[in-house]
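Student: I have a protein model open in front of me, and I would like to learn how to read it. Could we go through it together?

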Amino acid sequence: MKHVFLGGLEVSRIGLGAMSMSAYYTGAGSDEAESVRAVHRALELGVTHIDTAEVYGPYTNEELVGRAIKGRRDQVVLATKFGGGISYSGRGGVGLDSSPASIRVAVEGSLKRLGTDHIDLYYQHRVDPATPIEETVGALAELVAQGKVRHIGLSEAGPATIRRAHAVHPVAALQTEYSLWTRDVEAELLPLLRELGIGLVPYSPLGHGFLTGRIRSMDQLDADDWRQGNPRFTGENFQRNLRIVDEVEAVVAQANATPAQIALAWLLAQGDDIAPIPGTKRVSRVEENTAADGIELTAGQIARLNDLTPAVGDRHDDIGMAVIDR
């Protein structure tokens, strides 16, 4: 597995997102033993970068990851997040609490659940409009000084916020959605990150599973699967977006790979400062995804993928869109 740098943090260029092992997706939490095996298999294949968050579950995903990496901590670059819907300061509202008081409580909980004395990459999950980013990053800088956190990150932050945060303390990584059907990052964010020396961690690099080509009907998803309310999966948008999958599969036929591998290989070709974290709870999918590290697309294949039909529909519902890029 090749490695890249997110700021000053070295990671495998394909990571593992653990969220679907515990929350939000069809079958989440149904087979913890398989999820643990998936983490172990990822480590065997050279994956070092494991990503979770306190709000996944909530809490249960960090606990699962903690159990999975027990005795293997030195093999893992461990990333988690705070401020994604949980407040520890007694403040009301939606829970995007990134106040210093809340952060100090949040980090102790994450350390305990993960079974570690430090977090390699600690993200603000969503920007807190009630707390200036300078205060948030100042509190994170204190955690770095204390050795509880090694590097700090932001998730779904806008350009102005990123600049202000980075001026207080170096930001190692920005996590946001980036894939063949979500390319907003290319216009302004990616050039800014490269200007500042910040790495990019794309979540949902497989389009929440859509780009794998395995989802052909919403009937395949549980009623409580969050994608049931995602605009790209609902109504006429679902059928229209299947055209993207069909176009990816045309490249698949040339490259002797799966749609998931093609989608990941395209992302890896975008730069050596990009480290996607495809999520899965299955060993077979870990093996499939990590194999993308060895795929080199031709210039013609990349050009064809660059010209895919744009996705129809917002990438989140109205509530989700309201808390990103700010």
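Tutor: Here we go through pockets, the cavity, cores, salt bridges and some backbone details in turn. Keep in mind that this is a predicted model.

Student: Let's start with the open spaces. What is the volume of the largest pocket, and which residues lie closest to its centre?

Tutor: A pocket is described by its volume and by the residues that line it. Here the largest pocket has a volume of about 1400 Å³. Its lining has 47 residues, and the closest to the centre are Met19, Tyr25, Ser204, His208 and Trp226. Two elements, H9 and H11, each give two or more residues to that lining. The largest share, 3 residues, is from H9.

Student: How many residues of each class are in the lining of the largest pocket?

Tutor: There are 20 nonpolar, 17 polar and 10 charged residues. Now try the second largest pocket, with about 260 Å³ of space. Its lining is made of 17 residues, and nearest its centre lie Asp184, Val185, Leu189, Arg315 and Asp325. By class, that lining holds 6 nonpolar, 3 polar and 8 charged residues.

Student: And what about closed spaces? How many cavities of 30 Å³ or more are there?

Tutor: A cavity is a space that a probe cannot leave. The count here is 1 cavity of 30 Å³ or more, and the space in the largest cavity is about 40 Å³. Residues lining the largest cavity include Ile14, Leu16, Val47, Pro278 and Val286. By class, the lining has 6 nonpolar, 4 polar and no charged residues. Helix H9 (residues 283–290) provides the largest share of this lining, with 3 residues.

Student: H9 has come up before. Which of its residues are buried, and what covers them?

Tutor: The buried residues of H9 are Val283, Val286, Glu288, Asn289 and Thr290. Their cover includes strand S3 (16–17), helix H1 (32–44) and H8. When you look at any helix, a general idea helps: an α-helix has 3.6 residues a turn, so residues three or four places apart point the same way.

Student: How should I read a nonpolar core? Which residues touch the most other members of the largest one?

Tutor: Look for buried nonpolar residues whose side chains are joined by contacts. The largest nonpolar core has 80 residues, and Tyr122, Ile162 and Leu305 touch the most other members. Helix H8 (residues 259–268) gives the most to this core, with 8 residues. To explore one member, pick Leu305: leaving aside residues up to four places away in sequence, Leu305 touches Leu180, Arg183, Val248, Val251, Ile262, Trp266 and Leu297. Another core, of 14 residues, lies apart from the largest one and has Val4, Ala173, Tyr203 and Ile277 among its members.

Student: Now for charges. How many salt bridges does the structure hold?

Tutor: It holds 23 salt bridges. For each one, ask how far apart the atoms are, where the partners sit in the chain and whether they are buried. Arg315 pairs with Glu156, and their closest N and O atoms are 2.8 Å apart. This pair links distant parts of the chain, with Arg315 and Glu156 159 residues apart.

Student: Why do Arg315 and Glu156 count as buried?

Tutor: The cut-off for buried is under 20% relative accessible area. Arg315 counts as buried because its relative accessibility is 9%, and Glu156 because its value is 2%.

Student: Are Asp246 and Arg216 buried or partly exposed?

Tutor: Asp246 is partly exposed at 40% relative accessible area, and Arg216 is partly exposed at 34%. These two form a salt bridge, with the closest N and O atoms 3.3 Å apart. Asp246 lies in helix H7 (residues 235–255) and Arg216 in the loop between strand S9 (199–203) and H7, so the pair ties together parts that are 30 residues apart in sequence. Salt bridges can also form a network, and one links Arg41, Glu44 and Glu287.

Student: Last, the backbone. Where does the chain have a cis peptide bond?

Tutor: Check the omega angle: the bond from Gly57 to Pro58 is cis, with omega near 0 degrees. Pro58 is in the loop between strand S4 (49–51) and helix H2 (60–68). Then check phi. Ser204 is not a glycine, yet has a positive phi of about 50 degrees. His208, also not a glycine, has a positive phi of about 55 degrees. Ser204 is buried, with a relative accessible area of 14%, and His208 is buried at 5%.

Key
Residues are numbered from 1 along each chain as its sequence is written. This is a predicted model: local features need pLDDT of at least 70, side-chain atom pairs count only at pLDDT 80 or more; totals for chains, interfaces and linings use all residues. Side-chain values use heavy atoms; hydrogens and water are left out. On a 1 Å grid over the protein atoms alone, a cavity is a set of points where a 1.4 Å probe fits but cannot get out, and a pocket is an open set with protein on both sides within 12 Å along at least five of seven lines; lining residues have an atom within 4 Å of a point. Grid points are joined across faces, edges and corners, and a volume is the space filled by probe spheres set on the points. Helices (H or I, at least four residues) and strands (E, at least two) are DSSP runs, numbered from the N terminus. Ala, Val, Leu, Ile, Met, Phe, Trp, Tyr, Cys and Pro count as nonpolar, Asp, Glu, Lys and Arg as charged, and the others, Gly among them, as polar. A salt bridge is a side-chain nitrogen of Lys or Arg within 4 Å of a carboxyl oxygen of Asp or Glu. Buried means under 20% relative accessible area, exposed over 50%, partly exposed in between (1.4 Å probe, protein chains only). A nonpolar core is a set of buried Ala, Val, Leu, Ile, Met, Phe, Trp, Tyr and Cys residues joined through side-chain atoms within 4.5 Å. Contact means heavy atoms within 4.5 Å.
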